[in-house]
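Please open the model in your viewer and keep the selection tool at hand, since this tour moves from one selection to the next and says what is found at each stop.

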Amino acid sequence: MGGNNPMIKNRIRRTMIFLNMQRASLVKDAFVYKPDCVIFDLEDAVAESEKDSARIQLYHTLAELDYQGVERWVRINALDSDLFEEDIRAAVAGGAEGIRLPKTEKAEDVQLVENLVEAAEKEFGREVGSTMLMAALESPLAIINAYEIAGSSKRLMGIALSAGDFTRTMHSKRTNEGNELFYARSQMLVAARAAGVMAFDTVYTDVNDMDGFANEVQMIADMGFDGKSCISPKQISVAHEIFNPTQKEIDHAIHVIEAVKESEDQGIGVLVVDGKMVDIAWVEGAQRVLNLAKASGQYKGDLV
């Protein structure tokens with residue numbers, strides 16, 4: 001999967017794992033854990049003295065390693081640094097599928113990066129428009145401006161919550177219940193849906209508390225998030241299992257799509273499927289279930 005591929009804004013992205021570009025041993029074979037996406041991190045994980053070498057390694061990783069269909073993103077350095085422009089050039093030159101903007105607070109932040117990405121695509125012979133963007137919301141102002149940010153660019157695939165800086169600036173503490181993030185999650189999710197982009201939850205930092213991680217993933221999946229940011233390979237399979245539909249849900253989705261198609265031919269608007277009242281509005285949700293099932297290998301047939 002290279003940077004010359006057209007943007008695929010609505011593919012399945014249940015998991016995105018951060019990889020420190022300082023650590024080649026972690027980056028070179030991360031695809032074996034089968035995340036939906038990797039995020040090569042040039043920002044917080046990389047020491048100031050190693051920024052240049054990490055950027056060089058990023059380019060070679062993108063250009064030379066086969067990630068076997070795993071989508072490759074790059075988290076660039078903050079826009080108030082003197083690093084992000086070269087980060088963008090390296091990411092685009094190497095063929096990254098997308099760039100994640102840290103600390104996004106307004107639409108103009110996205111548009112600034114969009115212009116630099118387009119210039120880099122032209123410079124390095126990449127298809128103009130092929131590099132997606134994702135905006136990380138990390139402050140109270142970002143959450144207030146979530147809809148403005150979500151609708152700021154046709155390149156923008158989604159918005160993501162980053163809870164570390166958010167809770168710090170809110171003077172709140174991270175808890176297992178997540179009450180301190182409920183408003184931010186809800187506001188961001190509503191903004192994403194209103195703008196027609198995807199929404200991703202923040203990382204769960206205790207890599208040894210798998211029960212806590214599973215509980216948090218279940219909560220955000222129930223809320224309607226598209227995926228979870230991860231920091232450990234062992235979190236990936238747990239998140240996938242929770243986001244993946246059950247066989248009962250798959251069967252019901254197939255029944256819904258087939259029944260609605262049949263009812264349209266007969267001029268029937270509302271019908272009962274598996275004991276539940278459904279109509280044409282249910283098809284989108286049923287199709288999403290089948291897309292998830294296809295991505296997980298649970299559904300082998302053609303998408304109906």
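Begin by selecting helix α9, residues 210-223, together with helix α10, residues 234-243, which in this predicted model pack at an angle of about 35° with their axes 10 Å apart. If you turn the view until one helix lies in front of the other, you can follow how α9 passes α10 in a right-handed crossing. To see what lies between them, show the side chains that make the contact, which on the α9 side are M210, F213, A214, V217, Q218, I220 and A221, and on the α10 side are K234, Q235, V238, A239, I242 and F243. Coloured by class, the residues of this contact between α9 and α10 divide into 10 nonpolar, 2 polar and 1 charged.

Stay in this region and select Y204, which sits in the loop between β7, residues 198-201, and α9. Is Y204 buried or exposed? With a relative accessibility of 7%, Y204 counts as buried, because the cut-off for a buried residue is under 20% relative accessible area. Once the neighbours within four places in sequence are set aside, the contacts of Y204 are N176, D209, G212, F213, E216, K228, S229, I231 and Q235. Two of these names, F213 and Q235, also appear in the contact between α9 and α10, and both are worth keeping on display while you look at Y204. For a distance to draw in the viewer, join the C-alpha atoms of Y204 and E216, which are 12 residues apart along the chain and separated by 8.0 Å.

Next, go to I159, whose place is in strand β6, residues 156-161. The relative accessible area of I159 is 0%, so this residue is buried. Which residues surround I159, leaving aside its neighbours within four places in sequence? The contacts are A135, L137, A146, I149, A150, M188, A192, M198, A199 and F200. A second distance can be drawn here, since the C-alpha atoms of I159 and A136 are separated by 5.8 Å although the two residues are 23 apart along the chain.

From I159, move to Y147, which is found in helix α6, residues 146-150. Here the setting is another one, for Y147 has a relative accessible area of 51% and is therefore exposed, the cut-off for that class being over 50%. With the neighbours up to four places away in sequence left out, Y147 is in contact with A191, A194 and A195. If you also select Q68, which is 79 residues from Y147 along the chain, you will find the two C-alpha atoms separated by 34 Å.

The following stop is A293, in helix α12, residues 282-296. A293 is buried, with a relative accessible area of 0%. Not counting residues up to four places away in sequence, A293 touches P245, I250, Q298 and Y299. Of these, P245 can be joined to A293 by a line between C-alpha atoms, which are 6.3 Å apart, while the residues themselves lie 48 places from each other along the chain.

Two loop residues come next, and both call for a look at the backbone. K34 lies in the loop between α1, residues 24-27, and β2, residues 37-41, and it has a positive phi of about 60° although it is not a glycine. At 63% relative accessibility, K34 counts as exposed. H171 belongs to the loop between α7, residues 163-170, and α8, residues 182-195, and for H171 too phi is positive, at about 60°, although this residue is not a glycine. H171 counts as exposed, with a relative accessibility of 74%.

Finally, clear the selections and show the whole chain, whose secondary structure comes to 12 helices and 10 strands. Along the principal axes, the C-alpha atoms fill a box of roughly 65 × 45 × 35 Å. The radius of gyration is 20 Å, which agrees with the value near 19 Å that a compact globule of 304 residues would have. Of the 304 residues, 50% are buried, and the accessible surface comes to about 14,200 Å², with 52% of it belonging to carbon and sulfur atoms. Among contacts between residues at least 6 apart in sequence, 70% join residues at least 24 apart.

Note on methods: Residues are numbered from 1 along each chain as its sequence is written. This is a predicted model: local features need pLDDT of at least 70, side-chain atom pairs count only at pLDDT 80 or more; totals for chains, interfaces and linings use all residues. Side-chain values use heavy atoms; hydrogens and water are left out. Axes are lines fitted to C-alpha atoms, for helices over the stretch in contact, and angles run from 0 to 180 degrees between N-to-C directions. Helices (H or I, at least four residues) and strands (E, at least two) are DSSP runs, numbered from the N terminus. A crossing is left-handed if the near helix is turned anticlockwise from the far one by less than a right angle, and right-handed if clockwise. Contact means heavy atoms within 4.5 Å. Ala, Val, Leu, Ile, Met, Phe, Trp, Tyr, Cys and Pro count as nonpolar, Asp, Glu, Lys and Arg as charged, and the others, Gly among them, as polar. Buried means under 20% relative accessible area, exposed over 50%, partly exposed in between (1.4 Å probe, protein chains only). The radius of gyration is taken over C-alpha atoms; the globule rule is 2.2 Å times the number of residues to the power 0.38. Accessible areas come from the Shrake-Rupley method with a 1.4 Å probe; for residues, only the protein chains shown count as cover.
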